[in-house]
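Work through the exercises below with the model open. Try each task before reading its solution.

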Amino acid sequence: MMPTPTPTDAITQTIIPVTHDLGDFRVHRSLPARERTMVGPFIFFDQAGPARIAAGQGIDVRPHPHINLATVTYMYEGSFLHRDSLGTEQLIEPGAVNLMTAGSGIVHSERSPDEERAKLSKLSAIQTWLALPERDEEMAPAFEHVGDGGLPLIDCGHARARVIMGSLWGETSPVTTYANSIYADIQLSPGGSVPIDAQAEERAVYVSGGDAALDGMMLRPQTLYVLRPGTRATLMSVDGGRVMLCGGEAFQTPRHVWWNFVSSSKDRLMQAREDWDAMRFPLIPGDHQEFIPIPEGEPKTVSYP
């Protein structure tokens, strides 16, 4: 049995995600939330699945644009074929990471590859966006992929952690960071425990599967827990659990969010809206026959913090 829930001073905020039922699978969205949007540079946090996809079916995230942010795709199960307007075509599978830096503007799609569609398949992934520091918002778009085996994997016997971005327990990921960031996939063995240090200015933990507790307080699955700055804590599990750790430096200037756009400037969001509506963004080679249209209605930006 899990330990009896007890309050812990390590947690300052609990964010219960909004769940969207997309038919074949569910998406749990923790960020942005009404009570908080950013944890370090992380301004968007989705868990997609887990789900089973019938043979002959697949996931099709049609071409759509981004500006002034970086997307991070991390697969638990299944695979996606990423295409973008730089001409990139990259299959991502479990243990790998895709980092797409939108900068001044990029268009991309994510679809189930043909071999996945031909059979009963599984899908489980974490999709995050990172706001770019103002100095990097209008940089040239870029894409990088680090495959399975390219990310540091720390095994301390009672837990395994894959360092997706930044540094953890003496290991550093090769993935580019623009703001100071920490992003890690921690898998706790039954009875295992690990320390969560206080190096990052802002941190959060998210239980994506199994069970976990922090300083003796049971954590709810699919819930984002924001940790108190400067506080060390101990993460543990009874039967085994999977926890994502994310965070990094606190942004000093607000970010505005509308649809797929993030920027320090509201005017820049509106310019991106007009550019997509007029199809002035570049096209994706080999995947330009369809696209996600601008949402209907007058745009309303939301500013954070």
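**Exercise 1.** Which residues form a nonpolar patch on the surface with about 260 Å² of accessible area together?

*Solution.* The patch consists of Met279, Leu283 and Phe291. Patch members have over 30% relative accessible area and no salt bridge; like charges are joined within 9 Å, nonpolar side chains (Val, Leu, Ile, Met, Phe, Trp, Tyr) within 5 Å. A salt bridge puts a side-chain nitrogen of Lys or Arg within 4 Å of a carboxyl oxygen of Asp or Glu. Areas follow the Shrake-Rupley method with a 1.4 Å probe, and for residues only the protein chains shown count as cover.

The model is predicted: local features need pLDDT of at least 70, side-chain atom pairs count only at pLDDT 80 or more, and totals for chains, interfaces and linings use all residues. Residues are numbered from 1 along each chain as its sequence is written, and side-chain values use heavy atoms, leaving out hydrogens and water.

**Exercise 2.** Place Phe291 and state its exposure class.

*Solution.* Locate Phe291 in the loop between helix H2 (266-277) and strand S27 (302-304). Helices (H or I, at least four residues) and strands (E, at least two) are DSSP runs, numbered from the N terminus. Phe291 is partly exposed, because its relative accessibility is 36%. The classes are buried under 20%, exposed over 50%, and partly exposed in between (1.4 Å probe, protein chains only). Phe291 also belongs to an aromatic cluster with Trp258, Trp259, Phe261, Trp276 and Phe281.

**Exercise 3.** Describe the backbone at Trp259.

*Solution.* Trp259 sits in the loop between strand S25 (255-258) and strand S26 (261-263). Its phi is near 50 degrees, a positive value in a residue other than glycine. Most residues other than glycine have a negative phi. At 22% relative accessibility, Trp259 is partly exposed.

**Exercise 4.** Is His82 buried or exposed? Add its surroundings.

*Solution.* His82 is in strand S7 (residues 80-84). The relative accessible area of His82 is 2%, so this residue is buried. Its side chain makes a polar contact of 2.8 Å with that of Asp84. Such a contact is a pair of N or O atoms within 3.5 Å; within protein, one must be able to donate a hydrogen and the other to accept it, and residues adjacent in sequence count only if both atoms are side-chain atoms. Leaving aside residues up to four places away in sequence, His82 touches several others, including His108 and Phe143 (contact: heavy atoms within 4.5 Å).

**Exercise 5.** Find the cis bonds before Pro32 and Pro50.

*Solution.* The Leu31 to Pro32 bond is cis, with omega near 0 degrees. Gly49 and Pro50 are also joined by a cis bond, with omega about 10 degrees.

Definitions and conventions: Rings of Phe, Tyr and Trp (its six-membered ring) pair if their centres lie within 6.5 Å; planes under 30 degrees apart count as stacked, over 60 as edge-to-face and the rest as tilted.
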